[in-house]
2 protein chains.
Amino acid sequence: MPRSYDQFCPVARTLDILGDRWTLLIVRDLLLGKSRFAEFEESLEGIPTNVLSERLKVLEAQGIVERSFYSDHPPRAEYRLTRKGKDLHWIVDALAFWGSRYTFDEPAFRQIHADCGHQVSPAWICTGCGETVRPSSVRLEILGEVQGEKS
Amino acid sequence: MPRSYDQFCPVARTLDILGDRWTLLIVRDLLLGKSRFAEFEESLEGIPTNVLSERLKVLEAQGIVERSFYSDHPPRAEYRLTRKGKDLHWIVDALAFWGSRYTFDEPAFRQIHADCGHQVSPAWICTGCGETVRPSSVRLEILGEVQGEKS
């Protein structure tokens, strides 16, 4: 894992887990259904084998992936996202959305609604009133007694 | 900037720009309205001065921040997000959303709708039909002639 930022901030704490080089691309590949070591190696050109092993171990230790064996002789593991891991999709989606818009000279990708073919945009939905909420109307609330605590 | 992943993927290309240690926390602070070098240094405990300078230079070179001077003697710069930079908020929001849910033993933060006080969830909205689109109904479309191109 990266050196912790040691901040009482959900952004920093997420990056404490995912901020290492390659980690979010491994999560991307898991979200796309890749599960085997060789599949990650093929997708992630240039990743050293020991780095891939270490990243998968961290993801497993964090409860983001579960490891099982599809072969005993020789032992071969496969990796699946847990619920906690699947919930990372908004992060990867947001990276893809911004990257589609801003990192190509010509538009190269867009996110579309499979049913009607039009482009989708990220949004916040209120679980209470059901409305689409503008980002400026979203407030980060600090809960309970934890304010000021350092870690 | 980090060493490029050299992938034709909007996630990887976004991380080519933002994947370095500290960069996304600087963007978080810019989104919160911080603009001066000393403010970033205060917020980002432990960041070396030269690293902060370098990160801000990269963000400026990428068109994510604009630099202006609020004092000439001595020269003192301030940094503001451009439109391209402000559009990074979905990435930081997604990191905050996941981190609020999964990186604290006790719930510490939640994102709420300022108008009604209920929790918000990230969602996709279709710009065509206006519907809320489940993530499984979002498709990443590859545009035009670019398929297969390497960079």
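At what angle do helix α2 (residues 23–31) of chain A and helix α6 (residues 89–102) of chain A pack? The angle is about 105°, and the two axes lie 10 Å apart. Axes here are lines fitted to C-alpha atoms, for helices over the stretch in contact, and angles run from 0 to 180 degrees between N-to-C directions. α2(A) is therefore roughly perpendicular to α6(A); angles of 65 to 115 degrees count as roughly perpendicular, under 35 as roughly parallel, over 145 as roughly antiparallel and the rest as oblique.

This is a predicted model, in which local features need pLDDT of at least 70, side-chain atom pairs count only at pLDDT 80 or more, and totals for chains, interfaces and linings use all residues. Residues are numbered from 1 along each chain as its sequence is written, while chains are lettered from A and ligands numbered from 1 in the order in which they are written.

Chain A has six helices and six strands. Helices (H or I, at least four residues) and strands (E, at least two) are DSSP runs, numbered from the N terminus. From that end, the elements of chain A follow the order α-α-α-α-β-β-α-α-β-β-β-β. The C-alpha trace of chain A spans about 55 × 45 × 30 Å along its principal axes. Of its 151 residues, 35% count as buried, meaning that 20 or more other C-beta atoms, placed from the backbone, lie within 10 Å of the residue's own (exposed: 12 or fewer; partly exposed: in between).

Chain A also touches chain B: 64 residues of chain A are in contact with 64 residues of chain B. Two residues are in contact if their C-beta atoms, placed from the backbone, lie within 7 Å. On the chain A side, α6(A) gives the most, with twelve residues. This side divides into 38 nonpolar, 16 polar and ten charged residues. Ala, Val, Leu, Ile, Met, Phe, Trp, Tyr, Cys and Pro count as nonpolar, Asp, Glu, Lys and Arg as charged, and the others, Gly among them, as polar.

Strands also link the chains. Strands of a sheet pair through backbone hydrogen bonds, either parallel or antiparallel. Two strands count as paired if DSSP finds at least two bridges between them. β4(A) and strand β4 (residues 120–126) of chain B run antiparallel and are joined by seven bridges; A:Pro122 has B:Trp124 as its bridge partner in β4(B). These strands belong to an open sheet of four strands, in the order β5(A)-β4(A)-β4(B)-β5(B). Its edge strands, β5 of chain A and β5 (132–133) of chain B, each pair on one side only.
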